[in-house]
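Visitor: I am new to reading protein models, and I would like a close look at a single part of this one. Could you take me through it slowly and explain the terms as you go?

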Amino acid sequence: MARTAAGGTGVKSARRPEVRLPALGPHEGGELEPDGDYDGLDFQEADFTGQDGSGARFMDCALTGCALDETRLRHARVLDSTLTGVRGVGTDLAEATLRDVELTDARLGGPQLHGAMLERVLIRGGKIDYLNVRTARLRDVVFEGCVLVEPDFGGARLERVEFVDCALKGADLHAATLTDVDLRGAASLEISRGLDRLSGAVISTAQLLDLAPVLAAQWGIRVED
């Protein structure tokens, strides 16, 4: 039976990942390989700057403190894995698949996940600037305690997505489709575009009041005392 969030709104809660890693072997170094197969490996402080792992598969892996500047991971599959303290600018994960993944304390700038599939993903802590998830599919995704600066959800499909104690600054929802999206827990909620796409989301009364000036401007309502 589908779970519903507290408060009696009927919005369905996201299913969080339950990652239980087996005993991991150390990554022996070397560059990423396109279509590479990485299974049960522990990547500690690896520097993947500028490397090409397009189409690679990471299964039951832990990536800790890794550098992902301009790393190419298009069409990659990251499954049942944890990424902790990863950092980088321009990481390319376009059309990648992330399933049962925990991303913790990431510091990323301009990561490209357009057309990607995220399912049962927890993004906790850290800061992500200019996240690009245009036309992506997000199902059972939780953003918790993180800062998202100008994320682009244009044309994306969000289903059972929760924002918990996180700051959402300048979000673009143009042409996005929202189903069971819970924004009530967001510490701050700023939407720069696509307010008309909030159908299918639930917000708090306080958030509605905060958004009122933007809604009034969008609808051409003059507000005068």
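Which residue in S15 does Ala-167 stand opposite? Please begin with that pair and then show me how the strands around it fit together.

Guide: Ala-167 stands opposite Ser-188 in S15. Before we go further, please keep in mind that this is a predicted model, in which local features need pLDDT of at least 70 and side-chain atom pairs count only at pLDDT 80 or more, while totals for chains, interfaces and linings use all residues. Residues are numbered from 1 along each chain as its sequence is written, and side-chain values use heavy atoms, with hydrogens and water left out.

The pair that you asked about belongs to the pairing of strand S13 (residues 167-172) with strand S15 (residues 188-193), which run parallel and are joined by 4 bridges. A strand here is a DSSP run of E with at least two residues, a helix is a run of H or I with at least four, and both are numbered from the N terminus; two strands pair if DSSP finds at least two bridges between them. Of the 6 residues of S13, 5 are buried, so this strand is largely enclosed by the rest of the structure. Buried means a relative accessible area under 20%, exposed means over 50%, and partly exposed is what lies in between, with a 1.4 Å probe and protein chains only.

S13 has another partner as well, since 3 bridges join it in the parallel sense to S11, and in that pairing Val-149 stands opposite Lys-169 of S13. S11 itself covers residues 147-149 and is joined by 3 bridges to S9, again running parallel; in this pairing Ile-128 stands opposite Leu-148 of S11.

Following the chain of pairings to S9, we come to a strand of 13 residues (117-129), of which 10 are buried, so S9 too is largely enclosed by the rest of the structure. S9 also pairs in the parallel sense with strand S10 (residues 137-144) over 7 bridges, and the partner of Leu-122 in S10 is Val-142. With strand S8 (residues 97-109), S9 shares 11 bridges, and these two strands also run parallel. Here Leu-122 appears once more, this time as the bridge partner of Glu-102.

Glu-102 leads on to Thr-82, a residue of strand S6 (residues 77-84). If we leave aside its neighbours within four places in sequence, Thr-82 is in contact with Val-19, Leu-21, Cys-61, Ala-62, Leu-63 and Glu-102, where contact means heavy atoms within 4.5 Å. Thr-82 counts as buried because its relative accessible area is 16%. Asp-80 lies in S6 as well, but it counts as partly exposed because its relative accessibility is 25%. The backbone of Asp-80 deserves a second look, for it has a positive phi of about 50° although it is not a glycine. Ala-175, which sits in the loop between S13 and strand S14 (177-185), also has a positive phi, near 65°, in a residue other than glycine, and with 38% relative accessibility it counts as partly exposed.

Leu-189 offers a way to compare distance along the chain with distance in space. Asp-210, in helix H1 (residues 205-218), is 21 residues from Leu-189 along the chain, and their C-alpha atoms are separated by 8.3 Å. Gly-30, whose place is in the loop between strand S1 (25-26) and strand S2 (37-39), is 159 residues from Leu-189 in sequence and 42 Å from it in space, C-alpha to C-alpha. Asp-210 and Gly-30 both count as exposed, because the relative accessible area of Asp-210 is 57% and the relative accessibility of Gly-30 is 53%.

Finally, let us step back to the protein chain as a whole. Its secondary structure comes to 1 helix and 16 strands. The radius of gyration of the chain is 18 Å, close to the 17 Å that the globule rule gives for 225 residues, so the chain is as compact as a globular protein of that length; this radius is taken over C-alpha atoms, and the rule is 2.2 Å times the number of residues to the power 0.38. Those C-alpha atoms fill a box of roughly 70 × 40 × 25 Å along the principal axes, and 51% of the 225 residues count as buried.
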